[in-house]
Amino acid sequence: MMRYLYWGLAIIVAIVIACFAVSNRGAVDLEFWPLPLALSLPLYLVVFAVLAAGLLIGWFLGWAGGAGVRRERRRHARRIAELERDLARHSTAPATPAAGTSLASVR
């Protein structure tokens, strides 16, 4: 069911993007001051390029912002592995009764 919903929404978004591209084919002149560079590109291409650049910058900032969380997760994973090794080592070691106690009193 979710697969059909996903593909239905993906098709709708693709149709909207195609309509936007067809409706905005007019050329736009881009000048990069102070460089003597001028480009003439279709408007839809400029909009999509800016959108893609914004998505990439947002993804990078989100990834960089999560560095502390990833570091903590790795630290916790190492600590869990260490504790599991200690638990396995102690659970396989035979329990020896304390001096002066019999096995009957330990049970």
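These legends describe close-up views of one predicted model.

**View 1. The whole chain is built from four helices and two strands.**
The order from the N terminus is α-β-β-α-α-α. The protein chain has 107 residues, and buried residues make up 3% of them. The mean pLDDT of the chain is 88. A score of at least 70 is reached by 86% of the residues. Among the elements, helix H3 (residues 67-92) has the highest mean pLDDT, at 95. Helix H4 (residues 103-106) has the lowest, at 54. Where pLDDT is low, predicted coordinates should not be read in detail.

**View 2. Strands E1 and E2 form an antiparallel pair.**
E1 covers residues 27-32, and E2 covers residues 37-42. Six bridges connect the two strands. Phe32 stands opposite Leu37, a residue of E2. A hairpin of four residues joins E1 to E2. E1 has six residues, and the number buried is zero, so the strand lies largely in the open.

**View 3. A cis peptide bond joins Trp33 and Pro34.**
Its omega is about 5 degrees. Most peptide bonds are trans. Pro34 sits in the loop between E1 and E2. That connection is the hairpin of four residues.

**View 4. Phe20 and Phe48 make a tilted aromatic pair.**
The structure holds five aromatic pairs. In the pair of Phe20 and Phe48, the ring centres are 5.7 Å apart. The angle between the planes is 50 degrees. Tilted pairs fall between the cut-offs of 30 and 60 degrees. Phe20 belongs to helix H1 (residues 2-23) and Phe48 to helix H2 (residues 43-65), so the contact ties together parts that are 28 residues apart in sequence. Phe20 is partly exposed, at 30% relative accessible area. Phe48 is partly exposed too, at 25%. Ring pairs also bring in Tyr44, linking Phe20, Tyr44 and Phe48 into a cluster.

**View 5. Phe60 and Trp63 form a tilted pair of rings.**
Their centres lie 5.9 Å apart, and their planes meet at 35 degrees. Both residues are in helix H2. They are three residues apart, so about one helical turn separates them. Are these side chains buried, partly exposed or exposed? Phe60 is partly exposed, with a relative accessible area of 44%. Trp63 counts as partly exposed, also at 44%.

**View 6. Five residues make a nonpolar surface patch.**
The patch measures about 530 Å². Its members are Met2, Leu5, Leu9, Ile12 and Val16. Ile12 has its place in helix H1. Helix H1 spans residues 2-23 and also carries Phe20 of the ring pair with Phe48.

**View 7. Glu72 and Arg75 form a salt bridge in helix H3.**
The structure holds three salt bridges. Side chains of opposite charge can pair when their charged atoms come close. Between Glu72 and Arg75, the closest N and O atoms are 2.8 Å apart. The two residues are three apart, about one turn of the helix. Glu72 is partly exposed, with a relative accessible area of 36%. Arg75 counts as partly exposed at 42%.

**View 8. Arg79 and Glu82 meet in a salt bridge.**
The N to O distance is 3.2 Å. Both residues lie in helix H3. Their spacing is three residues, which means a separation of about one helical turn. Arg79 counts as partly exposed, at 41% relative accessibility. Glu82 counts as partly exposed as well, at 35%.

**View 9. Asp86 and Arg89 meet in a salt bridge.**
Here the N to O distance is 2.4 Å. Both residues belong to helix H3 and lie three residues apart, about one turn of the helix. Asp86 counts as partly exposed, at 23% relative accessibility. The helix that holds this pair, H3, is the element with the highest mean pLDDT.

Terms used:
Residues numbered from 1 in each chain as written. Predicted model: local features only at pLDDT ≥ 70, side-chain atom pairs only at ≥ 80, totals over all residues. Heavy atoms only, no water. Phe/Tyr/Trp six-rings, centres within 6.5 Å; stacked < 30°, edge-to-face > 60°. Buried < 20%, exposed > 50% of the residue type's maximum accessible area, 1.4 Å probe, protein only. Pairing = 2+ DSSP bridges. Patch = residues over 30% accessible without salt bridge, like charges linked within 9 Å, V, L, I, M, F, W, Y side chains within 5 Å. Areas by Shrake-Rupley, 256 points an atom, 1.4 Å probe, with all protein chains shown as cover. Salt bridge = Lys/Arg side-chain N within 4 Å of Asp/Glu carboxyl O. pLDDT = per-residue confidence, 0-100.
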